[in-house]
Amino acid sequence: MKMKEKLNGYYNYTVILTYLGMLFGFTGIVYITEGEHSLAIICLMIAGVCDMFDGAVAATKQRDINEKRFGIQIDSLSDLICFGILPALITYFLCGRSEFAFLSGCLYVLCALIRLAYFNVLEEERQTKESGTRRAYQGLPVTASALILPVVYTVTRIYFRGKIFVMPTVLILMAIAFVSPLKVKKPHFVEKMAIILAGILEFGVLLLGLGDV
């Protein structure tokens, strides 16, 4: 029997937030290359919010094995754009395209890539043995950059203006944490609300223009 032709991929509601997050990540890349620093940071934060809830949305639908595997892969591919490439470019452009910023960005993106690929391997293996969501992550999740980088950006603009080593140093520390075997507890509802509140405060600071160059 001839297989019914259809578009490649899955397009149900379980992947909408992942797709939106990726689009905000790409938009942030465009903004940072055009010198719109605060808007790029805001796109990073919005992408973080999308990623925070995409798993909960996906869990509301009964999915077959291929849909679950697709979800794992598409989420990590989106994360590489939003929380790997975008933070590295933000740091590179904000730090005057310095060699230090470039090299720290290279290390950061490489470690993010390794972290995400390794997570995919572990998650596919886990889902063959148990149901439900995982309780902890191995290594710092790359999505942490959506919370950490806006704080560093704002603090740097206010208190460390001209100190171009600050953000690249933070990238290096995050890169090391990505591939380190430390256990990070997965945030639940209360922790997620606290993260969102912190993000709202950061967003308010950005709107007030305190983080502009």
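Helices here are DSSP runs of H or I with at least four residues, numbered from the N terminus. The model is predicted. Keep both points in mind as we walk along the chain.

Start with the overall layout. The chain has seven helices and two strands. In sequence order, the pattern reads α-α-α-α-β-α-α-β-α. The chain counts 213 residues, and 40% of them are buried.

Now go inside. The largest nonpolar core has 35 residues. Some of them touch the most other members: Leu44, Phe83, Ile90, Tyr108, Met167, Met174 and Phe178. Which helices supply this core with at least two residues each? They are H1, H2 (37–58), H3, H4, H5 (145–159) and H6 (166–179). H6 gives the most, with eight residues.

Next, look at the surface. Leu23 sits in helix H1. Is Leu23 buried or partly exposed? Its relative accessibility is 46%, so Leu23 counts as partly exposed, because that label covers the range between 20% and 50%. Leu23 also belongs to a nonpolar patch on the surface. The other members are Tyr13, Ile16 and Leu20. Together the four residues have about 350 Å² of accessible area.

Turn to the aromatic rings. A pair of aromatic rings is described by two things: the distance of the centres and the angle of the planes. The structure holds five aromatic pairs. One of them joins Tyr10 and Phe70. Their centres are 5.0 Å apart, and their planes meet at 65°. This pair is edge-to-face, because the angle is over 60 degrees. Where do the two partners lie in the chain? Tyr10 is in the segment before helix H1 (16–33), while Phe70 is in helix H3 (residues 65–94). The two are 60 residues apart, so the pair links distant parts of the chain. Tyr10 is partly exposed, at a relative accessible area of 25%.

A second pair brings together Tyr92 and Phe102. The pair is edge-to-face too, with 6.3 Å from centre to centre and 65° between the planes. Tyr92 lies in helix H3, and Phe102 lies in helix H4 (residues 99–129). The pair therefore ties together parts that are ten residues apart in sequence. Both rings belong to partly exposed residues: Tyr92 has a relative accessible area of 24%, and Phe102 has 46%. Tyr92 and Phe102 also join Phe93 in one aromatic cluster.

Between H3 and H4 there is a loop, and Arg97 lies in it. What is unusual about the phi of Arg97? It is positive, at about 55°, although Arg97 is not a glycine. Arg97 is exposed, with a relative accessible area of 52%.

Last, check the cysteines. How many disulfides does a search of the whole structure find? The count is zero. Take Cys82 as a case. The nearest cysteine sulfur is that of Cys50, 8.2 Å away. A disulfide needs two cysteine sulfur atoms within 2.5 Å, so Cys82 is in no disulfide. Cys82 is buried, at 1% relative accessibility. Cys111 is buried as well, with a relative accessible area of 8%.

How values were computed: Residues are numbered from 1 along each chain as its sequence is written. This is a predicted model: local features need pLDDT of at least 70, side-chain atom pairs count only at pLDDT 80 or more; totals for chains, interfaces and linings use all residues. Side-chain values use heavy atoms; hydrogens and water are left out. Rings of Phe, Tyr and Trp (its six-membered ring) pair if their centres lie within 6.5 Å; planes under 30 degrees apart count as stacked, over 60 as edge-to-face and the rest as tilted. Buried means under 20% relative accessible area, exposed over 50%, partly exposed in between (1.4 Å probe, protein chains only). Patches are made of residues with over 30% relative accessible area and no salt bridge: like charges are joined within 9 Å, nonpolar side chains (Val, Leu, Ile, Met, Phe, Trp, Tyr) within 5 Å. Accessible areas come from the Shrake-Rupley method with a 1.4 Å probe; for residues, only the protein chains shown count as cover. A salt bridge is a side-chain nitrogen of Lys or Arg within 4 Å of a carboxyl oxygen of Asp or Glu. A nonpolar core is a set of buried Ala, Val, Leu, Ile, Met, Phe, Trp, Tyr and Cys residues joined through side-chain atoms within 4.5 Å.
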